[in-house]
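Colleague: I have a structure open and would like to learn how to read it. Could we start with the strands and then move on to the helices and loops?

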Amino acid sequence: MELRVLEYYLMVAREENITKAAQLLHITQPTLSRQLMQLEEELGVSLFERGKHRIFLTDDGLLLKRRAQELVELADKTKKDFHREEGELTGEITIGSGETQSVRFLGKAAARFHKSYPRVTFHLHSATADDIKDRIEKGLIDIGLLTEPVDVGRYGFIRISRKEQWGVMVDKASPLAGKKGVTPEDLAKVPLFISQRERVQHELANWFGDWFDRLTILGTYNLLYNAVLMTEDFGGAVLCFQHGNCYENAVFVPFDPPLRTGCVVVWKKNHVCTPATGRFIEYLRAMGAGEEEDWIAGRSLKGKEPICPEGAGEAPGKR
């Protein structure tokens with residue numbers, strides 16, 4: 001199975017039309033059709049159902065699409081990882097993060113790191129913790145920012161001292177919007193969107209106590225933005241972290257009593273990473289416990305600017 005053929009397949013899957021895909025790929029339609037037939041023969045499955053004006057992916061076709069996307073993305077990342085320029089640190093570092101204010105810790109570090117190593121770039125992938133862990137295992141993400149609870153036993157990690165504050169996002173017209181804090185009893189009266197992560201749901205259930213079984217769970221979400229927009233029509237609330245004033249018609253109200261969650265920066269343990277990623281990990285380590293608040297706020301570190309040691313491209317777990 002050639003990478004080139006997988007790229008052809010992804011183009012056809014995107015366009016849902018072989019003739020149009022062939023035009024975009026600058027090859028003839030018979031050539032593309034022949035490549036797709038050979039791919040189906042190699043895999044022993046049917047990848048397409050052909051309609052009158054478009055084609056549809058079969059279940060096997062959808063599975064191959066997902067796998068092909070991962071393979072093509074990994075191949076592209078591998079090319080970038082091996083790009084070198086004599087005497088200068090280069091490369092791309094892929095960071096996976098959920099929607100938390102703690103990402104400012106990585107943002108501040110990346111900005112200062114880039115000043116020292118301007119040929120290193122960053123790619124940010126926003127997703128849930130479970131998706132980020134999966135992509136770390138597949139080599140598609142170098143460094144992840146995960147919210148707890150999370151098992152860090154299989155990772156190298158740095159725990160961030162900053163805590164994320166739990167609460168709800170509600171429409172400004174909601175009766176909850178004017179409260180200084182919302183209680184479990186308050187939230188038993190409105191429809192709710194809750195994180196789809198099972199571990200997070202268990203943590204929230206502990207905070208709600210006996211009230212949890214009385215909640216009206218309208219649905220689950222993975223990323224926040226669309227969930228907030230949907231609750232405007234339901235008059236409900238979204239259980240989430242505090243994100244600042246990011247929404248025009250919604251406000252954040254914290255839990256009462258407070259509930260806070262920690263974050264960890266993780267990377268694959270005992271894994272030989274690229275020089276750029278290894279150097280950035282050492283840069284993060286050198287920031288020191290408790291100093292990230294200074295970095296986030298942009299305050300002076302009084303001469304404690306992290307110095308990246310030589311050999312940072314070695315596997316972090318073996319240093």
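Modeller: Start with one pair of residues: Tyr-155 stands opposite Lys-268 in β11. Keep in mind that this is a predicted model.

Colleague: How many bridges join β6 to β11, and do the two run parallel or antiparallel?

Modeller: β6 and β11 run antiparallel, and nine bridges join them. β11 also has a second partner, β5, in the antiparallel sense, with four bridges. In that pairing Leu-145 stands opposite Val-265 of β11.

Colleague: How many residues of β11 are buried?

Modeller: Seven of the nine residues of β11 are buried, which leaves the strand mostly covered.

Colleague: Which strand pairs with β3 in the parallel sense over three bridges?

Modeller: That is β5, residues 143–147. One place to look is Gly-96, whose bridge partner in β5 is Gly-144. β3 is also joined to β4 (residues 120–126), by seven bridges, and these two strands run parallel. There, Thr-94 has His-123 of β4 as its bridge partner. Between the two strands the chain passes through helix α5 (residues 103–116), and this β-α-β crossover from β3 to β4 is right-handed.

Colleague: Why is β3 described as largely enclosed by the rest of the structure?

Modeller: Buried means under 20% relative accessible area. Seven of the seven residues of β3 (residues 91–97) are buried, so the rest of the structure largely encloses the strand. Look at the two directions in turn: Gly-91, Ile-93, Ile-95 and Ser-97 point one way, Glu-92, Thr-94 and Gly-96 point the other way, and all are buried.

Colleague: Now the helices. What describes two packed helices?

Modeller: The angle between their axes and the distance between the axes describe them. Take α2 and α3: their axes come within 9 Å and cross at roughly 110°. Angles of 65 to 115 degrees count as roughly perpendicular, so α2 is roughly perpendicular to α3.

Colleague: Which residues of α2 meet residues of α3?

Modeller: From α2 they are Ile-18, Thr-19, Ala-21, Ala-22 and Leu-25, and they meet Gln-29, Leu-32, Ser-33 and Leu-36 in α3.

Colleague: What should I look for in the loops beside these helices?

Modeller: Look at phi, a backbone angle. Glu-16 is a residue other than glycine with a positive phi, near 60°. Glu-16 sits in the loop between α1 (3–15) and α2 (18–25). His-26 also has a positive phi near 60° and is likewise not glycine. The loop that holds His-26 is the one between α2 and α3 (29–43).

Colleague: Why does Glu-16 count as partly exposed, and why is His-26 exposed?

Modeller: The relative accessibility of Glu-16 is 30%, so Glu-16 counts as partly exposed. His-26 has a relative accessible area of 73% and is therefore exposed, because exposed means over 50%.

Colleague: Where are the cis peptide bonds that involve Pro-149 and Pro-257?

Modeller: Omega is the angle to read. One cis bond joins Glu-148 and Pro-149, with omega about 5°. Pro-149 is in the loop between β5 and β6. Another runs from Asp-256 to Pro-257, with omega near 10°. Pro-257 belongs to the loop between β10 (250–254) and β11 (260–268).

Colleague: Which residue has a side-chain polar atom 2.9 Å from the backbone oxygen of Pro-149?

Modeller: Arg-197 has it. Arg-197 lies in the loop between β7 (191–195) and α8 (198–208). With a relative accessible area of 6%, Arg-197 is buried. Setting aside neighbours within four places in sequence, Arg-197 is in contact with Ala-129, Asp-130, Thr-147 and Pro-149. The C-alpha atoms of Arg-197 and Thr-128 are 8.0 Å apart, although 69 residues separate the two along the chain.

Colleague: Is Ser-174 buried or exposed?

Modeller: Ser-174 counts as buried, at 14% relative accessibility. Ser-174 is in the loop between β6 (155–171) and α7 (184–187). A polar atom of the Ser-174 side chain lies 3.1 Å from the backbone nitrogen of Leu-176.

Colleague: And the protein as a whole?

Modeller: The secondary structure comes to 11 helices and 11 strands. Of the 319 residues, 46% count as buried.

Methods. Residues numbered from 1 in each chain as written. Predicted model: local features only at pLDDT ≥ 70, side-chain atom pairs only at ≥ 80, totals over all residues. Heavy atoms only, no water. Buried < 20%, exposed > 50% of the residue type's maximum accessible area, 1.4 Å probe, protein only. Pairing = 2+ DSSP bridges. Right-handed = clockwise from strand over helix to strand, strands pointing away. Polar contact = N/O pair within 3.5 Å; in protein donor to acceptor, adjacent residues only side chain to side chain. Axes fitted to C-alpha atoms, helices over the stretch in contact; angles between N-to-C directions. Parallel < 35°, antiparallel > 145°, perpendicular 65-115°, else oblique. Contact = heavy atoms within 4.5 Å.
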